[in-house]
Amino acid sequence: MNTEKVTARRLTAEEVSGLGLQDAIFVSAGMGVLPLDCYAPAFLTEPGKNFEGGSFAARTVFGEEIHVLPDNAEEGGIWIADKAGEEIEVLQSAGVLLNLALFVPSGNKESLDSLYAAARDAFGAGVVQRWSEEVVAVPDVKVDLYEEPARARKNTNGQNRDRRALDIYPTRVRFLEPSEGWKFVAELHKEIVDDTPTI
């Protein structure tokens with residue numbers, strides 16, 4: 001766990017109410033049921049003046065939303081950088097979590113293990129981890145993906161189609177989301193043939 005020492009001061013509820021959305025703060029880094037004895041960089045979800053009693057809501061740079069009662073001695077409170085304050089441990093936001101869907105032609109256990117070993121060599125054995133693995137046989141075929149209105153009028157003959165992506169494998173479609181009010185239509189890929197006469 002990478003942390004850095006930051007000199008900061010704990011704010012009272014009255015001081016927090018004067019903060020805006022751009023003010024960088026530190027809140028407890030606990031994630032769900034996982035308590036961490038350190039802090040995470042964060043920002044308020046609304047200007048402090050909008051909170052009338054109750055708790056203040058902040059979102060950490062890791063996407064966690066946390067509700068804090070600044071004056072509650074049993075909670076971590078809300079902190080702000082201040083050279084006259086005390087040292088606290090703050091998580092560094094240097095990592096990136098990648099959710100990958102990999103297509104391996106003629107994939108078998110040996111090729112997947114080779115791919116995993118190469119990733120561990122490139123990034124470090126302690127960095128690359130398999131959190132979950134789903135091995136699915138997929139056809140080696142490409143599709144053209146279109147968007148069209150979810151409630152299209154009859155006899156429009158596909159005039160409203162908007163080409164979203166070309167040459168896409170069918171398994172990738174489930175990782176994409178259509179625009180609001182639109183739906184995906186996948187068709188077997190057709191090569192574009194340019195039959196413009198040439199001289």
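## Helix α2 and the overall fold

Let's start with a helix: α2 has 15 residues and reaches 21 Å from its first C-alpha to its last, close to the 21 Å expected at 1.5 Å a residue. Just after α2 comes Gly124, whose phi is positive, near 110°. Please keep in mind while browsing that this is a predicted model.

Stepping back, the protein chain holds two helices and ten strands. Followed along the sequence, these elements run β-α-β-β-β-β-β-β-α-β-β-β. The protein chain has 199 residues, and 21% of them are buried. About 14,800 Å² of the protein chain is exposed, with carbon and sulfur atoms supplying 51% of that area. As for contacts with a separation of 6 or more, 57% of them link residues 24 or more positions apart.

## The nonpolar cores

In soluble globular proteins, nonpolar side chains tend to be buried together. Here the largest nonpolar core has 15 residues, and those with the most contacts inside it are Val16, Leu19, Ile25, Val27, Leu44, Ala58 and Ile78. Two or more residues of this core come from each of β2 (25-28), β3 (39-44), β4 and β5. The largest share, three residues, is given by β4. Apart from this core lies another one, of seven residues, among them Val6, Ala8, Tyr39 and Ile88.

Ile25 is a good residue to click on if you want to explore the larger core. Setting aside residues up to four places away in sequence, Ile25 touches Leu19, Ala40, Pro41, Ala42, Phe43, Leu44, Ala58, Ile78 and Trp79.

## Thr60 and Gly63

Now to strand β4, where Thr60 is found. Is Thr60 buried or exposed? Thr60 counts as buried because its relative accessibility is 7%, below the 20% cut-off. Leaving aside neighbours within four places in sequence, Thr60 is in contact with Val27, Ala40, Pro41 and Ala42.

A little further along, Gly63 sits in the loop between β4 (56-60) and β5 (65-68). Gly63 has a relative accessible area of 44%, so this residue is partly exposed. Measuring from C-alpha to C-alpha in the model, Gly63 and Ala42 are 9.0 Å apart in space, with their positions 21 residues apart in sequence.

## Salt bridges

Side chains of opposite charge can pair when their charged atoms come close. How many salt bridges does the model have? The count comes to five. One of them joins Glu15 and Arg9, whose closest N and O atoms are 2.9 Å apart. Both partners are partly exposed: Glu15 has a relative accessible area of 33%, and Arg9 is at 32%. Another salt bridge brings together the side chains of Glu65 and Arg59, at 2.8 Å from N to O. Here Glu65 is partly exposed at 40% relative accessible area, and Arg59 is partly exposed at 39%.

The side chains of Lys183 and Glu148 also meet in a salt bridge, at 3.9 Å from N to O. Lys183 lies in strand β10 (residues 182-188) and Glu148 in strand β8 (residues 143-149), so this pair ties together parts that are 35 residues apart in sequence. Lys183 is partly exposed, with a relative accessible area of 38%, whereas Glu148 is buried at 15%. There is also a network, in which salt bridges that share partners join Arg9, Glu15 and Asp82.

## A closer look at Glu148

Which residues does Glu148 touch? Not counting residues up to four places away in sequence, Glu148 touches Arg161, Trp182, Lys183 and Val185. Why is Glu148 classed as buried? Its relative accessibility is 15%, and the class takes in values under 20%.

## A nonpolar patch on the surface

Finally, have a look at the outside. Val96, Leu98, Leu100, Leu102 and Leu115 form a nonpolar patch on the surface, and together they have about 560 Å² of accessible area. One of these residues, Leu100, is found in the loop between β7 (86-91) and α2 (109-123). Leu100 counts as exposed because its relative accessibility is 63%, and the exposed class begins over 50%.

Key: Residues are numbered from 1 along each chain as its sequence is written. This is a predicted model: local features need pLDDT of at least 70, side-chain atom pairs count only at pLDDT 80 or more; totals for chains, interfaces and linings use all residues. Side-chain values use heavy atoms; hydrogens and water are left out. Patches are made of residues with over 30% relative accessible area and no salt bridge: like charges are joined within 9 Å, nonpolar side chains (Val, Leu, Ile, Met, Phe, Trp, Tyr) within 5 Å. Accessible areas come from the Shrake-Rupley method with a 1.4 Å probe; for residues, only the protein chains shown count as cover. A salt bridge is a side-chain nitrogen of Lys or Arg within 4 Å of a carboxyl oxygen of Asp or Glu. Helices (H or I, at least four residues) and strands (E, at least two) are DSSP runs, numbered from the N terminus. Buried means under 20% relative accessible area, exposed over 50%, partly exposed in between (1.4 Å probe, protein chains only). A nonpolar core is a set of buried Ala, Val, Leu, Ile, Met, Phe, Trp, Tyr and Cys residues joined through side-chain atoms within 4.5 Å. Contact means heavy atoms within 4.5 Å. The expected span of a helix is 1.5 Å times one less than its number of residues.
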